[in-house]
Amino acid sequence: NDIESWRDFLYYLAQTLGCFAVIDRYGKLSLTAYGSTPVMAIDIRHRFSSSFSDFVTRYTAVSSTNKKTETAEYYAKDPDAGLTMNLGVNPLLQFGLEETREMLCRNILADLSVIRYVPFDSDTIGNPALDPGDVLRFAGGQADEGQITCITSIRQKIGGRQSLKCVGKNP
């Protein structure tokens with residue numbers, strides 16, 4: 001098949017499970033589902049700076065290529081007004097019946113549809129308990145308290161500020 005390395009295998013496995021893979025603080029591989037429940041709120045008094053996007057990143061469709069038939073398959077929620085996750089040619093989705101493949105793609109879409117994150121960039125006082133994938137709610141200032149974000153990048157300076165980031169595209 002097309003899997004050449006363990007890294008490729010983990011990429012395809014996480015994609016098939018509708019999650020992401022990360023090496024946690026203990027040095028162990030973790031397959032983590034996308035969340036929608038905030039683990040904490042960060043108030044304006046705990047931020048040195050912050051910038052929030054004016055859009056919400058959300059997925060309402062998945063596209064996958066069936067290598068055997070050489071066709072692109074598209075599965076969407078109704079209404080289809082968000083981003084499309086392109087799964088490409090995932091070797092783990094190439095086996096079985098057409099109905100099984102559709103079920104797997106729809107399950108991936110169900111897992112992705114919980115993503116409703118506002119991209120942000122913020123320097124905070126820091127919290128070493130935070131990990132990539134943690135869902136946050138920001139309060140005060142220009143933050144919309146009704147929205148959530150997800151940490152995609154953490155940069156910690158010992159004895160200094162913690163930079164948090166959530167990247168995303170505008171649907």
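**Exercise 1. Determine whether Arg 25 is buried, partly exposed or exposed in this predicted model, and find its salt-bridge partner.**

Step 1. The relative accessible area of Arg 25 is 42%. Buried means under 20% and exposed means over 50%, with partly exposed in between, so Arg 25 is partly exposed.

Step 2. The side chain of Arg 25 meets that of Asp 131 in a salt bridge, with an N to O distance of 2.8 Å.

Step 3. Arg 25 sits in the loop between β1 (19–23) and β2, while Asp 131 sits in the loop between β9 (120–124) and β10; the pair therefore ties together parts that are 106 residues apart in sequence.

Step 4. Asp 131 has a relative accessible area of 26%, so this residue is partly exposed as well.

**Exercise 2. State how many salt bridges the model has, and describe two that involve helix α2.**

Step 1. The count comes to 4 salt bridges.

Step 2. One of them joins Glu 73 to Arg 101, whose closest N and O atoms are 2.5 Å apart. Glu 73 belongs to strand β6 and Arg 101 to helix α2 (residues 98–112), so this pair links parts 28 residues apart in sequence. Both Glu 73 and Arg 101 are buried.

Step 3. Another joins Arg 106 to Glu 102, with 3.0 Å between the closest N and O atoms. These two residues are 4 residues apart in helix α2, which means that about one helical turn separates them.

Step 4. Arg 106 is partly exposed at 39% relative accessibility, and Glu 102 is partly exposed at 32%.

**Exercise 3. Find which strands pair with β5, and in which sense.**

Step 1. Strand β6 (residues 71–76) runs antiparallel to β5 and is joined to it by 6 bridges. In this pairing Ala 61 stands opposite Ala 76.

Step 2. The hairpin of β5 and β6 has 4 residues between the strands, and Glu 70 takes a positive phi near 55° there.

Step 3. Strand β7 (residues 83–88) pairs with β5 in the parallel sense over 5 bridges. Here Ser 63 stands opposite Asn 86.

Step 4. Strand β8 (residues 116–117) pairs with β5 in the antiparallel sense over 2 bridges. The bridge partner of Arg 58 in β8 is Arg 116.

Step 5. In β5 (residues 57–66), 8 of the 10 residues are buried, so the strand is largely enclosed by the rest of the structure.

**Exercise 4. Give the strand order of the open sheet that contains β10, and identify its edges.**

Step 1. The sheet has 3 strands in the order β3-β10-β11, with mixed pairing.

Step 2. β3 (40–43) and β11 (149–150) each have a single partner strand, so they stand at the edges, and one side of each lacks a neighbour in the sheet.

Step 3. β10 (residues 135–139) and β11 run antiparallel and are joined by 2 bridges. In one of these strands' pairings, Val 135 has Cys 150 of β11 as its bridge partner.

**Exercise 5. Describe the surroundings of Leu 29 and of Val 167.**

Step 1. Leu 29 is placed in strand β2 (residues 29–33) and is partly exposed at 44% relative accessibility.

Step 2. Together with Leu 17, Ile 23 and Leu 31, Leu 29 forms a nonpolar surface patch of about 360 Å² accessible area.

Step 3. Val 167 lies in the segment after β13 (162–166). Its relative accessible area is 56%, so Val 167 is exposed.

Step 4. Apart from neighbours within four places in sequence, Val 167 is in contact with Pro 119 and Thr 152.

Technical notes:
Residues are numbered from 1 along each chain as its sequence is written. This is a predicted model: local features need pLDDT of at least 70, side-chain atom pairs count only at pLDDT 80 or more; totals for chains, interfaces and linings use all residues. Side-chain values use heavy atoms; hydrogens and water are left out. Patches are made of residues with over 30% relative accessible area and no salt bridge: like charges are joined within 9 Å, nonpolar side chains (Val, Leu, Ile, Met, Phe, Trp, Tyr) within 5 Å. Accessible areas come from the Shrake-Rupley method with a 1.4 Å probe; for residues, only the protein chains shown count as cover. Buried means under 20% relative accessible area, exposed over 50%, partly exposed in between (1.4 Å probe, protein chains only). Two strands pair if DSSP finds at least two bridges between them. Contact means heavy atoms within 4.5 Å.
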